[in-house]
Amino acid sequence: MPRAAIIGATGLIGSEFVKRWPESEPLLALGRKGSLPDHSDWRIKYGGMDEWPRLLEGEQVDVAIATIGTTWAKVGNWDRFEAIDRHAVTGFLRAAKEAGARHAIVVSSTMADADSRNQYLAIKGRMEADAKALGFARLDIVRPGLLRGQRGAERRWKERLGILVSPLVNALLHGRLHKYRAIDAAVVAAAMVRLALGEGDGTRVLHNRDLMELAENGTA
């Protein structure tokens with residue numbers, strides 16, 4: 001019975017993850033707001049990002065799940081973006097490992113690369129490097145394409161346009177290009193639940209095709 005801790009439970013992927021997490025499995029969510037369904041082994045602790053490590057003190061965690069992510073439209077500068085999408089994730093993962101977690105699952109992005117000239121991709125790449133450096137026995141790095149789902153006013157117009165034309169674009173992306181397709185957040189979440197409940201060691205990077213196969217069949 002894995003004891004899971006999650007950040008980003010109210011977000012696009014996180015909310016779908018919570019919907020799919022078995023009621024019988026323990027779940028601890030950390031965040032500034034929101035709520036969880038009323039299950040006996042499900043809890044939520046409230047606090048800002050800098051408080052998350054303290055909130056994990058005294059807890060026992062098996063798997064740490066980081067689905068948190070912001071948008072440029074919401075924060076307006078790259079320092080703030082990196083504080084959320086990299087440093088908050090790393091701080092949470094470090095505290096979860098100290099609480100006993102041997103398995104971590106992080107949501108990143110297709111083409112994440114610490115050396116990229118694209119700030120977004122570079123920050124995601126640095127977050128991945130931080131997660132690897134923590135030395136989890138098992139690390140799953142989830143790299144979905146453009147996420148489809150209800151994000152509301154936070155979406156940039158380019159994201160909205162991308163989602164609008166995604167059925168046509170997806171039809172043109174085959175083979176190695178499949179990882180750039182748009183994908184439903186619900187599919188990503190379903191795959192992450194499978195990962196969290198699974199066993200094994202090592203580091204793995206999962207793209208769209210892997211996530212879709214996991215969500216549908218339980219294997220990838």
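This tour proceeds through the structure one selection at a time and describes what is found at each stop.

**The whole chain**

Begin with the entire protein displayed as a cartoon, and bear in mind that this is a predicted model. The protein contains eight helices and nine strands. Of its 220 residues, 49% are buried. Among contacts with a separation of 6 or more, 63% are between residues 24 or more positions apart.

**The sheet**

Next, select the strands of the sheet. Strands of a sheet pair through backbone hydrogen bonds, either parallel or antiparallel. Here, seven strands form an open sheet with parallel pairing, in the order E3-E2-E1-E4-E5-E6-E9. Strand E3 (42–46) and strand E9 (202–206) are the edges; each has a single partner strand, so one side of each has no neighbour in the sheet. On average, and with direction ignored, neighbouring strands of this sheet are turned by 15 degrees against each other.

Turn now to one edge and select strand E2 (residues 27–31) together with E3. The two pair in the parallel sense over five bridges. One residue to highlight is glycine 31, whose bridge partner in E3 is tyrosine 46.

**Two helices on the sheet**

Add helix H4 (residues 78–98), which packs on the sheet. Helix H4 touches strand E1 (4–7), E2, strand E4 (63–66) and strand E5 (103–107). The direction of H4 makes about 170 degrees with that of E4. Then add H7, which also packs on the sheet and touches E4, E5, strand E6 (138–142) and E9. The direction of H7 makes about 170 degrees with that of E5.

**Strand E1 from both sides**

Select E1 and show its side chains. Which way do they point? Ala4 and Ile6 point one way from E1, while Ala5 and Ile7 point the other way, and all are buried. E1 pairs with E2 in the parallel sense over four bridges. Within this pairing, isoleucine 6 stands opposite alanine 29 in E2.

**Phenylalanine 17**

From isoleucine 6, move to phenylalanine 17, which touches Ile6. Phenylalanine 17 lies in helix H1 (residues 12–20). Is phenylalanine 17 buried or exposed? Its relative accessibility is 0%, so phenylalanine 17 counts as buried. Leaving aside residues up to four places away in sequence, phenylalanine 17 touches Ile6, Ile65, Ala189, Met192, Val193 and Ala196. Draw a line between the C-alpha atoms of phenylalanine 17 and methionine 192: they are 7.3 Å apart in space, although the residues are 175 apart in sequence.

**Helices H7 and H8**

Select H7 (residues 185–197) and helix H8 (residues 208–217). Two packed helices are described by the angle between their axes and the distance between the axes. The axes of H7 and H8 come within 8 Å and cross at roughly 70 degrees. H7 is therefore roughly perpendicular to H8. To view the contact, show Val187, Val188, Ala190, Ala191, Arg194 and Leu195 in H7, which meet Leu211, Met212, Leu214, Ala215, Glu216 and Asn217 in H8. These residues divide into nine nonpolar, one polar and two charged.

**Aromatic rings**

The structure holds three aromatic pairs. A pair of aromatic rings is described by the distance of the centres and the angle of the planes. Select tryptophan 78 and phenylalanine 81, an edge-to-face pair with 5.2 Å from centre to centre and 70 degrees between the planes. Both residues belong to helix H4; being three residues apart there, they are separated by about one helical turn. Tryptophan 78 is partly exposed, with a relative accessible area of 28%, whereas phenylalanine 81 counts as buried at 2%. Add Tyr120 to the selection, and one aromatic cluster of Trp78, Phe81 and Tyr120 is in view.

**Helix H5 and the loop before it**

Select alanine 131 in helix H5. Alanine 131 is buried, with a relative accessible area of 1%. Residues up to four places away in sequence not being counted, alanine 131 touches Leu93, Phe136 and Leu139. The C-alpha atoms of alanine 131 and alanine 104 are separated by 8.3 Å, with their positions 27 residues apart along the chain.

Finally, select methionine 111, located in the loop between E5 and helix H5 (119–133). Methionine 111 is partly exposed, with a relative accessible area of 45%. Most residues other than glycine have a negative phi. For methionine 111, however, phi is positive, near 70 degrees.

Conventions. Residues numbered from 1 in each chain as written. Predicted model: local features only at pLDDT ≥ 70, side-chain atom pairs only at ≥ 80, totals over all residues. Heavy atoms only, no water. Axes fitted to C-alpha atoms, helices over the stretch in contact; angles between N-to-C directions. Parallel < 35°, antiparallel > 145°, perpendicular 65-115°, else oblique. Contact = heavy atoms within 4.5 Å. Nonpolar A, V, L, I, M, F, W, Y, C, P; charged D, E, K, R; others polar. Pairing = 2+ DSSP bridges. Phe/Tyr/Trp six-rings, centres within 6.5 Å; stacked < 30°, edge-to-face > 60°. Buried < 20%, exposed > 50% of the residue type's maximum accessible area, 1.4 Å probe, protein only.
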